[in-house]
Structures are given as C-alpha cells and as structure tokens.
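Colleague: I'm new to reading protein models. Could you walk me through a few features, one at a time?

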Amino acid sequence: EENNATFSGLNFSLGTLYHYDRLNLGFILKAPFDLTEREKITGANGISFPEGKGRVSMPLIFGIGSSYKATEKLTLALDFESRRYSKSKQVKPSWLYHRDLSLADQGDTTYNLGWKDSNQFRLGAEYLLSTGLGIIPLRAGYRNEPRVYSDANGDQVVGNVFSLGLGLVLDKISFDLAYEAT
C-alpha cells in the first residue's frame, strides 16, 4: 500500500515584548487552526482510492519568556511554551479512515488523536567575546523535547536537547554555527 499525503494550513501569531533596563519579557499567542490533509492511497493490489480530504485541529499555543543582560557581554534567557495537543482531533471521510470504499456515503469520522500536551522549557546563555577580527558570540542552551505520544508504559516520551553555538559578527555580515545533541 502506498500513501501520499500533503498538508496545508494558515495561522497567525500575536506577540509582545516589554523592555525594562537589562530585562526583556515577552509573550506570544499562536491561534488555533485547521491543518488540511489531502491523501491519495494506492492499495497493494494497485487499486487507487479517490483522493480524500480531511483536517486536523491544531491547538492554541502560548509562550512566555525573558532575557536578562547580566553584564555588557553576558545574556541569560529562559522561556516556556505550551501546546495543548490533547484537544486535537482529526476528521476524515469514513471510507478513507477505514480504507473501505463501501463507506463512501457514510460521511466523515471524527476521532481524538490521543496526543499528549507539549510543555517545553528552554534556557540559554550568550557571551560576547571581543577579538581583533570581530565579535564572537558563544552560546549554550538546553530544552526539554516532549513528544505527543507515550511509551509502552503509557508515559509521555520526553527528550533532552543540549546545544552549543558560536558566531562571527563583522561590520556588515555575520555568521552563525550551532550544534544540537539529544
């Protein structure tokens, strides 16, 4: 069986940033939206199903964060983002969901995806090293990486990601390089 799917959607974000002395505070809100899915299935026997169209409801996402310029060269940052994936549902034509064309007149099937919420924490630091060549930003960070699914015990799968980076800031151009380890 071969399954080809394409997804599309439109969303908007609204954010604000408050600056006070060496402290920045920010907030972002990403509106919920429907992700449209177009799916084309060809069975193992070569029979093609008609193209099906479904949708996945994506949740409201919000985040808060802050950065603090501890010294002229050192900035510390931390933020939190919440994605309420447990409220996501998928709607598909019944025949496509069950892979049975005899259900073509049965309408749509709506089901809960069973996803877990994703609450992500991120923290990082940047130190600006001044050299004769230019400024070299040195960066380090950490974030948890919650998945929307569970392991065999029913616990949410959560990874940890560590990152390192550096850059080179010249008069009219800058370069950045980053590495992430999970």
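Modeller: Let's start with salt bridges. Side chains of opposite charge can pair when their charged atoms come close. In this predicted model, Glu 145 makes such a pair with Arg 143, with 2.8 Å between the closest N and O atoms.

Colleague: Is Glu 145 buried or exposed?

Modeller: Glu 145 has a relative accessibility of 18%, so it counts as buried, since the cut-off is under 20%. Arg 143 is partly exposed at 21%. Elsewhere, Lys 30, Asp 79, Glu 81, Arg 83 and Arg 122 are joined into one network by salt bridges that share partners.

Colleague: How many salt bridges does the structure hold?

Modeller: Eleven. Take Arg 139, for instance. One of its salt bridges is with Glu 126, the closest N and O atoms lying 2.8 Å apart. That pair links distant parts of the chain: Glu 126 belongs to strand β10 (residues 118-130) and Arg 139 to strand β11, 13 residues apart.

Colleague: And which other residue does Arg 139 pair with?

Modeller: Asp 176, again with 2.8 Å between the closest N and O atoms. Because Arg 139 sits in strand β11 and Asp 176 in strand β13 (residues 174-181), this salt bridge ties together parts that are 37 residues apart in sequence. As for exposure, Asp 176 is exposed at 56%, while Arg 139 is partly exposed at 30% and Glu 126 is partly exposed at 23%.

Colleague: Okay, next one. How do I read the contacts of a single residue, say Asn 144?

Modeller: Begin with where the residue is, then look at what its side chain reaches. Asn 144 is in strand β11 (residues 135-150), and it counts as buried, with 12% relative accessibility. Its side chain comes to 3.2 Å from the backbone oxygen of Asn 119. A polar atom of that side chain also lies 2.6 Å from the backbone nitrogen of Phe 121. Setting aside neighbours within four places in sequence, Asn 144 is in contact with residues including Gln 120, Val 158, Gly 159 and Asn 160.

Colleague: What about strands? How does β6 pair?

Modeller: Follow the strand and look at its partners. Strand β3 (residues 23-30) pairs with β6 in the antiparallel sense over eight bridges, and Leu 25 has Ser 66 as its bridge partner in β6. β6 also runs antiparallel to β7, with nine bridges joining them; here Tyr 68 stands opposite Leu 76 in β7.

Colleague: What joins β6 to β7?

Modeller: A hairpin, through four residues. Ala 70 lies in that loop, between β6 (61-69) and β7 (74-83), and is partly exposed at 24%. Not counting residues up to four places away in sequence, Ala 70 touches Arg 22 and Leu 76. Its C-alpha atom is 8.9 Å from that of Leu 23, although the two residues are 47 apart along the chain.

Colleague: Last feature: which residues form the nonpolar patch on the surface?

Modeller: Tyr 18, Tyr 20, Leu 23, Leu 25, Tyr 68 and Leu 76, with about 580 Å² of accessible area together. The elements giving two or more residues to the patch are β2 (13-20) and β3. Leu 23, found in strand β3, is partly exposed, with a relative accessible area of 31%.

Colleague: And what does the whole chain look like in terms of helices and strands?

Modeller: One helix and 13 strands. Of the 182 residues, 24% count as buried.

How values were computed: Residues are numbered from 1 along each chain as its sequence is written. This is a predicted model: local features need pLDDT of at least 70, side-chain atom pairs count only at pLDDT 80 or more; totals for chains, interfaces and linings use all residues. Side-chain values use heavy atoms; hydrogens and water are left out. Buried means under 20% relative accessible area, exposed over 50%, partly exposed in between (1.4 Å probe, protein chains only). A polar contact is a pair of N or O atoms within 3.5 Å; within protein, one must be able to donate a hydrogen and the other to accept it, and residues adjacent in sequence count only if both atoms are side-chain atoms. Contact means heavy atoms within 4.5 Å. Two strands pair if DSSP finds at least two bridges between them. Patches are made of residues with over 30% relative accessible area and no salt bridge: like charges are joined within 9 Å, nonpolar side chains (Val, Leu, Ile, Met, Phe, Trp, Tyr) within 5 Å. Accessible areas come from the Shrake-Rupley method with a 1.4 Å probe; for residues, only the protein chains shown count as cover. A salt bridge is a side-chain nitrogen of Lys or Arg within 4 Å of a carboxyl oxygen of Asp or Glu.
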